[in-house]
Amino acid sequence: EGYKNPVLWLSPLGGWTKEDDVPLDVRVKQHEEVLNSGLDHPGGLDPATTVMAIWPAPMVYAGPTEVQFHAKSRRSAGASYFVVGRDPAGMKGSSLAVAHPDDDLYDGDHGRYVLRNSPGIGSMKMLSFVKVMYDVTDNVMKVPDDNRPDDFISISGSKMRLLARNGASPCSPTNIPTDLVEANCVPSGFMVPKGWEIVVDYYRNIDSGRWIPWSRPRSDPGAAPRTTTEGQFGTLGFSLRHTDYESVWHDVPRYPSGTTGGGDDGNVINLVTEIPLRMTAKMEVQKDRPNNVISQDSTDGRPRYYTYGTPFFNYGFVPQTWEDPNLKDSLGNGGDNDPLDVMEVGSVRLDMGSITPCRVLGHLELIDEGEMDNKIICIALSDPDASSITNMGDLERVKPGTIERLKDWLKRYKTAEGKGENSLASESPTSIKEAMELIEETHERWKNLCGKGTGYVSPDHGFWLDAPGCKGRR
């Protein structure tokens with residue numbers, strides 16, 4: 001083409017990927033070793049003519065549609081050529097399919113076909129990346145020669161992962177076995193040596209928790225004034241506590257100003273915010289940790305995030321309440337063993353750890369994996385719409401569709417994690433009176449938990465109850 005200084009652009013995907021994909025830091029370190037090896041080793045690249053820049057997009061596993069996104073976005077960033085291979089391959093069809101449920105949903109060439117016919121590609125040219133195999137005659141990965149099929153060994157991704165888990169070492173360059181797994185070795189030209197060591201280290205220590213799956217911004221948690229934090233937000237080492245209270249669960253009164261009537265209009269509670277509006281990190285008060293700090297929930301040892309979109313509400317709980325597992329509803333579902341949850345439907349983001357007077361509008365009775373997980377619906381008195389919203393009817397009039405959105409979220413937010421839908425005991429929110437009665441019932445259960453009520457609670461719950469408001473300093 002006459003280019004004087006063509007540059008190869010490597011752009012490893014930096015956004016969200018599935019948990020079983022190779023983590024971002026492992027992939028980046030592999031790329032670095034490929035560049036460090038230079039052209040002296042098969043598979044190495046010239047660092048003088050190669051640029052590596054992390055591409056921050058998430059992997060959404062959308063097949064040929066996603067291939068178009070990657071091609072067009074890189075064209076917009078200045079690329080003249082796009083290497084396209086078997087990108088959509090590996091996406092499986094429905095497990096409910098009658099025939100061939102394990103077959104790939106797309107042919108390996110579908111991405112290439114779509115790009116050839118896609119509008120908007122402009123002058124960008126496609127470079128097809130075809131399947132390559134290992135040639136035992138010269139120790140190089142290349143397109144197989146049909147005239148000598150016995151000279152080529154296929155090293156699939158699954159075989160590579162198995163060899164890495166087994167800690168395979170380099171094969172003899174003059175005696176490449178046909179069964180690499182049995183010999184537990186990798187051909188010398190398959191991958192640059194230090195790059196292979198990185199892969200082996202990962203697969204042999206996959207559960208160590210020291211990997212960075214994908215790039216997360218080091219963002220501010222939006223902590224409330226009069227709170228203090230420890231650790232980096234977005235990691236399991238982060239925690240937040242209030243400086244005025246030993247425990248926001250046990251020491252903060254359920255009603256503002258310590259009243260027992262719920263404020264001037266009788267239905268105002270204190271809301272302790274765990275998850276501010278539009279935050280996807282699943283933050284929650286830790287019942288078993290000293291001071292009941294707020295920190296991020298985890299799944300399989302990793303920080304947990306909502307993946308069913310971005311929450312359109314502030315989320316938290318009513319202090320000095322507890323949903324007792326021994327309290328059953330009419331269907332036999334016990335409480336979820338947590339403080340009573342709150343969804344605040346205003347338009348202003350509340351700080352994490354903040355304590356906000358909130359007008360109760362009713363509640364939704366969620367059944368979550370066989371547990372009763374009630375959600376109080378309220379609006380902060382500080383919200384611009386608070387004066388116009390005093391009940392569920394006002395909410396629907398001022399903010400149409402909010403109730404349906406809340407129900408959709410509660411029913412389906414776990415489907416993005418591969419779980420089934422939740423259910424509601426009723427499609428209609430309860431009245432304010434019923435919601436306030438629920439708050440009082442869960443408060444009485446909390447008093448039992450703290451040894452202040454008339455009921456007995458077994459001490460094997462494992463909760464931290466040593467705050468002044470519960471069992472401490474009597």
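Is Tyr315 buried or exposed? In this predicted model, Tyr315 has a relative accessible area of 8%. Buried means under 20%, so Tyr315 counts as buried.

Its partner is Phe313. Phe313 and Tyr315 form an aromatic pair. The ring centres lie 6.3 Å apart, and the planes meet at 50 degrees. That geometry is tilted, because only angles over 60 degrees count as edge-to-face and those under 30 as stacked. Phe313 is buried too, with a relative accessible area of 2%.

The pair belongs to a wider group. Tyr306, Tyr308, Phe312, Phe313, Tyr315, Trp409 and Tyr413 form one aromatic cluster. A charge also sits on this group. The charged end of Arg405 lies over the ring of Phe312, a member of the cluster. The distance to the ring centre is 3.9 Å.

Aromatic pairs occur elsewhere as well. The structure holds 14 of them. One is formed by Phe190 and Trp196. Here the centres are 6.3 Å apart and the planes 70 degrees apart. This pair is edge-to-face, because its angle is over 60 degrees. Both partners are buried: Phe190 has 17% relative accessibility, and Trp196 has 5%. A pair of aromatic rings is described by the distance of the centres and the angle of the planes. For Phe190 with Trp196 the distance is 6.3 Å, and for Phe313 with Tyr315 it is also 6.3 Å. The angles are 70 degrees and 50 degrees.

Next, a second arginine over a ring. Arg74 lies over the face of Trp55, at 4.4 Å from the ring centre. What does the side chain of Arg74 contact? It makes a polar contact with the side chain of Ser11, at 2.9 Å. Arg74 thus links two descriptions: a ring face at Trp55 and a polar contact at Ser11. Ser11 lies in the loop between β1 (8–10) and α1 (24–37). Despite its loop position, Ser11 counts as buried, at 18% relative accessibility. The cut-off is 20%.

Last, a pocket. How much space lies in the second largest pocket? About 1,300 Å³. This pocket is lined by 41 residues. Closest to its centre are Pro213, Trp214, Arg216, Arg302 and Pro303. The lining is mixed in character: 15 residues are nonpolar, 14 polar and 12 charged.

Notes: Residues numbered from 1 in each chain as written. Predicted model: local features only at pLDDT ≥ 70, side-chain atom pairs only at ≥ 80, totals over all residues. Heavy atoms only, no water. Phe/Tyr/Trp six-rings, centres within 6.5 Å; stacked < 30°, edge-to-face > 60°. Buried < 20%, exposed > 50% of the residue type's maximum accessible area, 1.4 Å probe, protein only. Lys NZ or Arg CZ within 6 Å of the ring centre and 35° of its normal. 1 Å grid on protein atoms, 1.4 Å probe; cavity = no way out; pocket = protein on both sides within 12 Å on 5 of 7 lines; lining within 4 Å. Points joined across faces, edges and corners; volume = space filled by probe spheres on them. Nonpolar A, V, L, I, M, F, W, Y, C, P; charged D, E, K, R; others polar. Helix = DSSP H or I, 4+ residues; strand = E, 2+ residues; numbered from the N terminus. Polar contact = N/O pair within 3.5 Å; in protein donor to acceptor, adjacent residues only side chain to side chain.
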